[in-house]
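Student: I am new to this structure. Please show it to me, and I will ask how its labels are earned.

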Amino acid sequence: MEGRRVRYFVYAIFLVASVAYVEVVATGQEAKTGGQEGVQQQGYQNMTPAQRAAATRSFLGLGAVPDKARAALGAPLFERNCAVCHGQTARGAMGPGLITADIVLADDHGERLTPYLKKGTPEKGMPAFATMTDRQLTDIAEFLHAQVEDVANRGAYQVLNILVGDAAKGKAYVEGHCMSCHTAATFARIGGRFRSPEQLQRNWIWPSHSTNMTANVKTSGGMISGRVTQLSDFRITLVSESGETHTIDRGPAVAVQIHDPLAAHQEMVMTLANNDMHNVTAYLETLK
């Protein structure tokens, strides 16, 4: 069971990045649709920071929420007794990191770690801390759980102020780079559509596919066109206008022509400078 929790933890670190990506792009924006464009918040993005932290914690299966007060008491105890081997934040030093250790992930509030630390495993180089009180050892356990939380729970991350750009320069960037695809209606009151500037920034840089990606696929049997539901280097799945699903293995004899409404955004991301990003965000935030 404990080994499975370690594997789940490691897998979840990668999975949560994918979920965060999906949620970040789960807002809509269409190009030139007669003023009906918009960015809509949903799901993860509508949550408060505390709700995001709780949702991410539940997804990762991290167990009980660490006691921050007890973790603060455990920090100096860990530094004096454990950091020389395991590092100041339990990421590892001469000894292994403890963030993904079985005994840490299987524990909630010291019920397993406290007796383990009392006895240690001297045969493996882990000394016993028999002279420390149960409370002190529980504080160390809470400190370790807080380190796991810091690494794993992206929903708990605090975003600093990102409104550090020049709004006038941002306006010039939008006029010079964006208006060939968008109308003024795209940006009307866009600053008021998001709960925070960081959400605004994420979504203007990488909006969701509110219009479907389509493709024309030429095979030996003829041309197939439709909405793309799956795309990889190995195969593509389309749904035609009639509702029929076609999955085609990609190879030398298959020619695929993709129409992606967000292709320009993909190109922009590759060349977008930090200053331009901050300037555009500062400008869009003024459009309430």
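Student: Why is Asp249 called buried or exposed, whichever applies?

Tutor: Asp249 has a relative accessible area of 52%. Buried means under 20% relative accessible area, exposed over 50% and partly exposed in between (1.4 Å probe, protein chains only). Asp249 is therefore exposed. This is a predicted model, in which local features need pLDDT of at least 70, side-chain atom pairs count only at pLDDT 80 or more, and totals for chains, interfaces and linings use all residues. Residues are numbered from 1 along each chain as its sequence is written, and side-chain values use heavy atoms, with hydrogens and water left out.

Student: What makes Asp249 and Arg235 a salt bridge?

Tutor: Their side chains meet at 3.5 Å, N to O. A salt bridge is a side-chain nitrogen of Lys or Arg within 4 Å of a carboxyl oxygen of Asp or Glu, so the pair qualifies.

Student: What does the pair tie together?

Tutor: Asp249 lies in strand β6 (residues 245-249) and Arg235 in strand β5 (residues 235-239), so the pair ties together parts that are 14 residues apart in sequence. Strands (E, at least two residues) and helices (H or I, at least four) are DSSP runs, numbered from the N terminus.

Student: How is Arg235 classed?

Tutor: Arg235 has 36% relative accessibility, so Arg235 counts as partly exposed.

Student: Which label do Asp139 and Arg70 get, and why?

Tutor: Asp139 is at 4%, so Asp139 counts as buried. Arg70, at 18%, is therefore buried too. Their side chains meet in a salt bridge at 2.3 Å, N to O.
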